[in-house]
Amino acid sequence: INAEYGVEIMGDFKRGKALLNSEAIKNSQVKQSIDYYLRLFQNDKGEEDRKKDYEKLVVNFYDLVTSFYEFGWGESFHFGARFSGEAFEASLARHEMYLANRMSLQKDQLCLDLGCGVGGPARCIARFTEAKIIGVTISPYQITRAEMLTAKAGLNHLCKWVKADFLDLPMEDSSFDAAYQIEASVHAPDRVLLYKEAYRVLKPGSFFAGYEWLMTERYDPDNSAHKEIKSGIEKGNGIPNLLEHPKLVLSALEEAGFEVLDHKDLALECSDDTPWYLPLSASWSLGGFKHTKVGRYLTNRFLYLMETLKLAPDGSVQTSDMLNNAASALVAGGKTKIFTPMYFVLARKPLN
């Protein structure tokens with residue numbers, strides 16, 4: 001399969017109806033929700049305000065975008081390191097199974113997914129390892145979607161879902177054999193607190209792994225173009241503040257008590273013709289056109305027509321615009337190599 005012009009079908013066309021009739025919130029609340037969200041990123045709203053309101057920020061964001069993600073991307077809301085000839089969805093599954101392998105996750109072990117979305121990665125890892133996965137998300141709507149999709153997949157015996165803030169987990173100390181997060185920690189206003197919660201619920205000797213969204217060593221905080229890209233990624237992805245160097249994640253893990261065993265930027269391992277941002281930057285792809293530039297434009301224009309005809313909720317186009325701008329910022333961050341969505345970390349809770 002050609003990576004850019006492949007025939008794999010990405011996302012779920014059937015989820016398109018949820019773009020016209022919101023399932024997460026009432027149609028009448030979509031406009032209010034997107035306006036509130038965007039106000040958090042206005043010039044008079046700084047990082048501290050977003051951190052203070054992070055729970056509402058994140059819930060609002062995923063109420064607005066979860067259906068867009070499922071429609072255009074699929075059930076796994078993340079990127080993946082991709083190699084020449086590898087299909088998009090295959091790269092995502094391999095990305096997920098790589099975490100399970102590095103954590104040495106085994107059958108019947110209990111594993112925690114921090115920021116599980118609608119559960120795509122957890123279901124993949126559960127199938128691959130036969131481990132039992134408990135997924136945590138702050139979004140009630142994502143819990144509903146995860147439960148429905150898991151039942152449909154016949155995986156209720158392996159995957160369970162809990163609505164909770166991953167900074168204040170309702171789990172007992174030393175109760176999990178492993179824990180991971182996939183591009184979710186970026187929503188936390190305090191990385192140390194998140195890692196301390198993961199540390200608390202893990203059994204001694206257990207592994208914690210994840211993929212971090214970060215500005216890389218190439219990011220220059222005094223470069224206005226770099227700052228604009230960073231701000232665009234934050235605004236379009238529900239992020240209080242992107243950390244500006246990988247060492248900040250490593251020091252946060254160590255402050256939480258973990259022993260860091262391995263870390264690397266997997267974005268640097270992608271094949272030259274299949275960078276991680278290819279699905280967003282490609283002008284056309286037969287199977288995955290919905291998240292290409294052409295596909296996003298057509299979706300936006302369709303929503304404009306439906307909103308004008310009062311067949312889609314007010315605020316739908318604003319949400320689509322926000323996601324299109326986010327995609328442009330992500331591509332710019334990838335092309336300049338000042339941003340990565342897949343800085344891999346593997347850490348362990350010491351035996352003592």
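1. Start with the packing of helix H2 (residues 30-39) against H13: in this predicted model, the two axes come within 8 Å and cross at roughly 35°. On the H2 side the contact is made by Val30, Lys31, Ile34, Asp35, Tyr37 and Leu38, and on the H13 side by Ser316, Gln318, Thr319 and Met322. Sorted by type, that contact has five nonpolar, three polar and two charged residues.

2. H13 (316-335) turns up again in the lining of the largest cavity, where helix H4 (54-72), helix H6 (120-129), strand E2 (132-137) and helix H12 (293-308) also supply at least two residues each. H4 gives the most, with eight residues.

3. As for the space itself, the structure holds four cavities of 30 Å³ or more, and the largest takes in about 860 Å³. It is lined by 49 residues, and the ones closest to its centre are Phe61, Tyr62, Tyr69, Phe77 and Asn237. What is the make-up of the lining, in terms of nonpolar, polar and charged residues? The split is 26 nonpolar, 17 polar and six charged. If you plan to look at this cavity, the eight residues from H4 are a handy place to begin reading the lining.

4. Now the sheet. It is open, has seven strands in the order E3-E2-E1-E4-E5-E7-E6, and its pairing is mixed. Which strands stand at the edges? They are E3 (159-163) and E6 (259-265); each has a single partner strand, so one side of each is left without a neighbour in the sheet. Ignoring direction, neighbouring strands are turned by 20° against each other on average.

5. Within that sheet, E1 (residues 110-114) and E4 (residues 176-182) pair in the parallel sense over three bridges. Aspartate 113 stands opposite tyrosine 180 in E4. Helix H8 (residues 191-201) packs on the sheet and touches E1, E4 and strand E5 (202-215). The direction of H8 makes about 155° with that of E5.

6. Last, the aromatics: a search of the whole structure finds 18 aromatic pairs. One of them joins tryptophan 276 and phenylalanine 339, and the geometry is edge-to-face, with 5.8 Å centre to centre and 65° between the planes. This pair links distant parts of the chain, with the two positions 63 residues apart in numbering terms: tryptophan 276 sits in the loop between E6 and helix H11 (278-281), and phenylalanine 339 belongs to strand E7 (residues 339-348).

Definitions and conventions: Residues numbered from 1 in each chain as written. Predicted model: local features only at pLDDT ≥ 70, side-chain atom pairs only at ≥ 80, totals over all residues. Heavy atoms only, no water. Pairing = 2+ DSSP bridges. Helix = DSSP H or I, 4+ residues; strand = E, 2+ residues; numbered from the N terminus. Axes fitted to C-alpha atoms, helices over the stretch in contact; angles between N-to-C directions. Contact = heavy atoms within 4.5 Å. 1 Å grid on protein atoms, 1.4 Å probe; cavity = no way out; pocket = protein on both sides within 12 Å on 5 of 7 lines; lining within 4 Å. Points joined across faces, edges and corners; volume = space filled by probe spheres on them. Nonpolar A, V, L, I, M, F, W, Y, C, P; charged D, E, K, R; others polar. Phe/Tyr/Trp six-rings, centres within 6.5 Å; stacked < 30°, edge-to-face > 60°.
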